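Reader: I'm new to this, and I keep running into labels that nobody explains. Could we go through one model together and ask how each label is earned?

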Amino acid sequence: MNKKTIDGPIYDARELGTPRMLILGLQHMFAMFGATVLVPALTGLNVATTLLFAGLGTLLFHLITRRMVPAFLGSSFAFLAGYWAIAPNGEAELLPYACFGVAISGLMYVVLAAVIKGVGVKKVMRFFPPIVTGPIIIAIGLILSSSAINNCEANWLVALVAIIVVISCNMWGKGMVKIIPILIGVLVSYVFSVVIDPASRAAVATKVGEAAWIGIPVHKDATVFGLFSNGVDTDLLVTATITIVPLAIATMMEHVGDICAISSTVGKNYLVDPGLHRTLIGDGLATTLASVFGAPANTTYGENTGVLALSKVYDPRVIRLAAIFAVVLSFCPKFAALVTAMPTATIGGVSMILYGMISAVGVRNVVENRVDFTNTRNVIIAALILVLALGISNSAAGAVAIGSVKLSGLAVASLVGIVVNAILPGKDYEFGVDIQGDTSVNFKV
């Protein structure tokens with residue numbers, strides 16, 4: 001039976017029938033679509049592989065969480081800085097090394113889940129307070145900002161169209177329009193570019209025309225397995241791991257926030273049942289699975305939480321249908337070619353907002369947790385994180401070399417922030433006291 005709430009009925013998908021369930025599944029797929037395919041467009045990873053493992057990762061997550069949590073897993077933006085640190089121009093031969101580092105990051109979720117299960121979430125989260133996570137997230141967005149400007153310079157008019165559409169959908173859109181602003185912004189700007197720019201039309205015609213309708217979405221040379229069969233640079237593997245793993249701090253905090261948001265939307269405490277340890281394991285293993293096969297890291301998607309709130313259908317089977325649709329679509333190279341042909345300026349316009357909002361999420365995390373910047377310890381921690389992250393990234397070397405291993409600015413900043421916070425007296429953050437603050441790490445656009 002349908003349940004009644006102040007906002008309207010909560011539907012059981014079985015009572016809606018198969019046709020409506022299929023439509024709802026498609027709606028969830030399109031909600032995650034724009035942001036998910038943008039990550040491979042920005043990094044050089046394969047679009048088809050990304051869709052395949054977004055779907056498979058979601059199904060794995062549902063299996064591990066006892067098919068209870070209505071969450072979809074799509075591409076994570078928090079790891080963009082890691083991909084670019086290892087493969088700054090999307091070099092095909094370097095991307096598998098970045099994927100290896102992301103795969104190890106996924107295993108960190110499993111480690112955190114085991115610790116949480118053993119000692120409790122409050123003791124663990126004490127080492128990741130907002131004074132550490134907030135500045136790290138701010139630095140991620142600021143480090144990425146220059147690439148957005150460089151892409152916009154390809155055609156500022158096309159980029160401006162994307163920016164205006166995304167902002168308009170976010171500010172004044174209703175229903176699904178407000179939930180999928182990235183997808184709409186990309187489509188409008190893409191079409192605009194094709195209309196006004198002959199070069200853009202030619203690129204689309206060539207790439208889409210040459211692509212097959214059906215193909216295999218995984219290519220061995222683009223996977224981590226390809227590294228070990230073709231000869232591996234051990235130093236670069238270590239560098240990629242040390243550079244990228246600290247970024248998992250931000251994504252794990254985002255995961256906690258997303259699960260809290262889904263729990264609030266649905267009215268069930270998924271932190272307790274099936275448990276935060278299970279959702280972390282599901283997210284982490286999905287990320288590792290995707291990464292070893294050459295796809296971006298996965299993360300729970302705020303866009304799909306918005307669809308839950310809009311539709312009032314919380315049945316996890318609808319999410320699994322969306323995952324199946326993503327898997328099916330991944331076997332169409334012609335579609336992947338359409339995404340690959342996306343104008344550079346369109347990517348620039350959308351990513352300008354995206355990267356700015358990543359930094360804004362860090363500010364929000366600090367503000368909503370009421371971090372006291374009259375406290376000297378907090379000022380010191382934030383200052384060290386920001387200066388190390390930005391200063392090292394913008395230096396001539398772009399990294400700190402320890403022997404043959406290189407550490408990115410974010411890696412150094414994250415490690416220093418965690419250690420200094422643990423050493424200095426005056427730690428006062430306690431997870432679970434302020435639910436609004438605890439859930440303020442969410443890279444939803």
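Author: Sure, and keep in mind that this is a predicted model. Let's start with helix α5: its 25 residues, at 1.5 Å a residue, should span 36 Å, and its end C-alpha atoms are 36 Å apart, so the two agree.

Reader: How do you get the expected span of a helix?

Author: You take 1.5 Å times one less than its number of residues. For α5 that gives an expected 36 Å, which is what the end C-alpha atoms show.

Reader: Where does α5 sit in the sequence, and what comes just after α5?

Author: The helix covers residues 95–119. Just after α5 comes G120, with a positive phi of about 105°.

Reader: What makes the nonpolar surface patch?

Author: L107, M108, V111, V115, V119 and L285 make the patch, about 420 Å² of it. Helix α5 gives the most, with five residues.

Reader: Why is M108 called partly exposed?

Author: M108 lies in helix α5, and its relative accessibility is 30%. Buried means under 20% and exposed means over 50%, so M108, at 30%, counts as partly exposed.

Reader: Which residues touch the most other members of the largest nonpolar core?

Author: Those are F77, Y83 and Y355, in a core of 103 residues. Helix α5 gives the most to this core too, with 10 residues. Leaving out residues up to four places away in sequence, Y355 touches L42, L80, W84, G141, L144, S145, S147 and A148. There is also a second, separate core of 11 residues, including A71, L73, V266 and A286.

Reader: What makes a pair of residues a salt bridge?

Author: A side-chain nitrogen of Lys or Arg has to be within 4 Å of a carboxyl oxygen of Asp or Glu. Take R317 and D315: their closest N and O atoms are 2.5 Å apart, and they form a salt bridge. The structure holds two of these.

Reader: Which residues form the other one?

Author: R364 and E368, with their closest N and O atoms 3.2 Å apart. With a limit of 4 Å, that pair qualifies as a salt bridge. Both residues lie in helix α19 (residues 344–368), four residues apart, about one turn of the helix. An α-helix has 3.6 residues a turn, so residues three or four places apart point the same way.

Reader: Are the partners in these salt bridges buried or exposed?

Author: It's a mix. R317 is partly exposed at 30%, whereas D315, at 12%, is under the 20% limit and therefore buried. In the other pair, R364 has 36% and counts as partly exposed, while E368 has 18% and counts as buried.

Reader: What is unusual to look at in R66 and R67?

Author: Let me just give you the angles. R66 has a positive phi of about 60° although it is not a glycine, and R67 has a positive phi near 60°, again in a residue other than glycine. R66 is in the loop between α3 (47–64) and β3 (73–75), and R67 lies in that loop as well.

Reader: Why is R66 called partly exposed, and why is R67 called exposed?

Author: Exposed means over 50%. R67 has 51%, so R67 counts as exposed; R66 has 44%, so R66 counts as partly exposed.

Reader: Which peptide bond is cis?

Author: The one from D273 to P274, with omega near 15°. P274 lies in helix α15 (residues 271–292).

Reader: How do you know that S193 is buried?

Author: Its relative accessible area is 2%, and buried means under 20%, so S193 is buried. S193 is found in helix α10 (residues 181–196). Leaving aside neighbours within four places in sequence, S193 is in contact with V158, S200 and P343.

Reader: And what about V208: buried or exposed?

Author: V208 has 17%, again under 20%, so V208 counts as buried. You'll find V208 in helix α11 (residues 198–210). V208 and A336 are 128 residues apart in sequence, but 8.4 Å apart in space, C-alpha to C-alpha. Apart from neighbours within four places in sequence, V208 is in contact with K334, A337 and L338.

Technical notes. Residues numbered from 1 in each chain as written. Predicted model: local features only at pLDDT ≥ 70, side-chain atom pairs only at ≥ 80, totals over all residues. Heavy atoms only, no water. Patch = residues over 30% accessible without salt bridge, like charges linked within 9 Å, V, L, I, M, F, W, Y side chains within 5 Å. Areas by Shrake-Rupley, 256 points an atom, 1.4 Å probe, with all protein chains shown as cover. Helix = DSSP H or I, 4+ residues; strand = E, 2+ residues; numbered from the N terminus. Buried < 20%, exposed > 50% of the residue type's maximum accessible area, 1.4 Å probe, protein only. Core = buried A, V, L, I, M, F, W, Y, C linked by side-chain atoms within 4.5 Å. Contact = heavy atoms within 4.5 Å.
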